[in-house]
Each structure stands twice: as C-alpha cells, then as structure tokens.
Amino acid sequence: MTYQIYEWLRQGKTSGGEMGRRLNISRAAVNKHIRKLRECEIVIESASGIGYRWIKDNAVNEYGVRYHLRQLKREINVVFKPTESTNTNAKALSMDNSEDLLVVAPYQTEGRGRLDRKFISNKGGAYFSLVINDSGLPVATVMRTVLVAGLAVRDALMDYGIESELKWPNDVMISGRKVSGILLELIASGETADKIIMGIGINVNNQLPDELGEVATRLADYKQIIDISELIAKVISKIYFYFHKLRSGHWIEIKDKYLKYSYNLNKTVVSGGIKGVAKGITDEGFLIVDSNGKENKIITGDVNLC
Ligand code: BTN
C-alpha cells in the first residue's frame, strides 16, 4: 500500500481522501503511509484543501527504486536494507529464489571489492547487487558480463550528461578517477553460470576518505542532483539490455562499444610484471597487452597506466 501511495504521488495525484477510498482505508491510515514515506527522506508537502504533493527523494529508498524499475519487462524482487555487503546478502537470498533479485543498500558496513579489498560504502552512494538467474552463459566467457555492467554504468551516467571511460576490467572512470567499481560473483554447476551476482558501487554524494582524494571521484562533483533510486534503475535496465544482446549473439557489437570507451586502450599499461600497450580484448573478455610484439592475455589483477 505504501508503494501504491508513493506511485500515485509521483504521478501527481494529491487527494488523501481519494487514495483512502481506492485502497479502502481511512484518511488517518493514508497519513500513516505518508509518514512512513517521509521517514525514508522522501519530501512530501501537505496542505489542507490541496492534499499531498511529492517534492523529491532526498535518499535512495525501496519505493523510488521500484517506481523507476516499473517499466522493466521482467519480474524482479527488490530488497532494500543497510547491510554488510549487498553481494553477500544477494548471494544468500538467491539460494531460495528463482526470480531475479536486486539488493540495494543505503550504505554497507563491509563493502567488498575485487581481490579481497574493501569498498568504502558511506551513506549517499549507490550500492546494489543484481542476481540474474539461469544466465545460460558459459563460465568461460563470464568476464563479458563485467564489461557489460561497466557499459551499463557508463550509459546511465551519459543520461545525466556525464562522460566516463571504462578501465579494464571493472572500473568506471571520470577524468582519470574511479567513480564506480563492479564485483562479479558466480554460482556455477559445470560449465554454465547458474546465477550471476553483479555488485555495483557508484560514488554519488557519499563522503570519500582523504586517502582516495587523488584516485576516486563522485558524481556530485559533476552534477548537483542525482536521484540515486533512478540511477540504480537506469543501470539495471541497461544491464538487461546488454545482457539480452550478449545472449542473442551480439558480443562483437558489445566488445566494439566497450573498446570505444576504453580508458586503457592503446596506452602503455603494467599488470603483474607485464608492461606493454593495451591492444584489445579477447573473446573471453580478457585484456590483450602487447609487449614488444609478444601478445599477453591479462586475465585478472590490476592494470595501471604507466
Ligand atoms: C571494486 O572496485 O573492486 C569492486 C567494487 C564493488 C562494490 C560493490 S558495492 C555493491 C556490491 N556489494 C559489495 O560488497 N561490493 C559490490
């Protein structure tokens, strides 16, 4: 019911009496739902004779995420709560769930990055994990999904007029600083990935620690107001868009697009003792580095510009 009231407010409906009638509840009960929405930092004006008016969402919340996802032609369960790590949470919840699942958190206490690193996840950022069931993707090419997630984040930022680049394998960069990271985890039986857990963190309004000052950035420095619920929904729908392409044999198109926005391509990079020029991406999604004519395949690890 709270979601229905939120949706009506977003559509410009104002009358508490009318909402109550349609839901078969009293005006006082409608007001209780309004209070619940306000507790989520949703700004709703009210005036006698006029009714309620949605003004803005000041923080990410489950109603906003569901509202912005409503056009997705796909059943997806949304779970919203502060957590240690949305990836850890999503993995656990997905065990008894055969539908796709989106776990969103306003902050994380133990946010995880690649290579067992911490991902600092203060309030004000976008932290979410999408579980895609029955991915049908071969484990051998699952790296392609990380690239797809990067492209989805890039496209979503472009919707706000923010240009970004993709640093292989999993970082989204603005002006040479990381704005988003992706952590992909798998549940596989045999050669096929049964469940893909795509964890994405985007710095939006969150406070970044001083030590990350030179290497990280946040969207608030480029665009003042971004509704995080809307941003998450945009990324999710773009992930499905690319995922569909991936499953219907359009990998080369995706790869070309990824390379077009690559941060490392044709630059000298170093990774795990290998130094050379990043020349492309293999069909598995690995990075090709040319060191004096010798082609190396970088499968994992950090890749830094020299
Ligand atoms: C990286 O940069 O190494 C990857 C960072 C991934 C962070 C996201 S935030 C949502 C999800 N939950 C986690 O614990 N990690 C991912």
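A residue counts as buried when its relative accessible area is under 20%. I196 meets this criterion in the predicted model, because its relative accessible area is 0%. This residue belongs to strand β9, which covers residues 192–202. Beyond its neighbours within four places in sequence, I196 is in contact with L130, V131, I132, S135, L137, V142, T145, L184, E185, L186 and F243. D134 makes a good example of how sequence and space compare here: 62 residues separate I196 from D134 along the chain, while their C-alpha atoms are 8.4 Å apart.

With I196 as a starting point, the view can be widened to the whole chain. It contains 8 helices and 14 strands, and its C-alpha trace extends over about 75 × 45 × 30 Å along the principal axes. The radius of gyration is 21 Å, which agrees with the value near 19 Å for a compact globule of 306 residues. Of these 306 residues, 52% are buried. Among contacts with a separation of 6 or more, 61% join residues 24 or more positions apart. The accessible surface amounts to about 14600 Å², and carbon and sulfur atoms contribute 47% of that area. As for charge, the chain carries 42 positive and 36 negative charges, and the mean positions of the two sets lie 4 Å apart.

Turning to the interior, the largest nonpolar core comprises 63 residues, and the members with the most contacts inside it are L102, F128, I202, L219, L231, V235 and I236. Helix α7, residues 228–247, supplies the largest share of this core, with 11 residues. A second core, separate from that one, has 15 residues, including Y3, L23, I44 and Y67. F128 offers a closer look at the larger core. Its contacts, leaving aside neighbours within four places in sequence, are T86, L102, V103, V104, M198, G199, I200, I202, I232, V235 and I236.

The start of the chain deserves its own visit. Helix α1 spans residues 2–10 and is mostly covered, with 8 of its 9 residues buried. These are T2, Y3, I5, Y6, E7, W8, L9 and R10; one of them, Y3, also belongs to the second core. The buried residues of α1 pack against three helices and two strands, namely α2 (16–23), α3 (27–39) and α4 (62–68) together with β1 (42–47) and β2 (51–57). After α1 comes G12, which has a positive phi near 90 degrees.

Key:
Residues are numbered from 1 along each chain as its sequence is written. This is a predicted model: local features need pLDDT of at least 70, side-chain atom pairs count only at pLDDT 80 or more; totals for chains, interfaces and linings use all residues. Side-chain values use heavy atoms; hydrogens and water are left out. Helices (H or I, at least four residues) and strands (E, at least two) are DSSP runs, numbered from the N terminus. The radius of gyration is taken over C-alpha atoms; the globule rule is 2.2 Å times the number of residues to the power 0.38. Buried means under 20% relative accessible area, exposed over 50%, partly exposed in between (1.4 Å probe, protein chains only). Contact means heavy atoms within 4.5 Å. Accessible areas come from the Shrake-Rupley method with a 1.4 Å probe; for residues, only the protein chains shown count as cover. Lys and Arg count as positive and Asp and Glu as negative; His and the chain ends are not counted. The place of a charge is taken as NZ of Lys, CZ of Arg, CG of Asp or CD of Glu. A nonpolar core is a set of buried Ala, Val, Leu, Ile, Met, Phe, Trp, Tyr and Cys residues joined through side-chain atoms within 4.5 Å.
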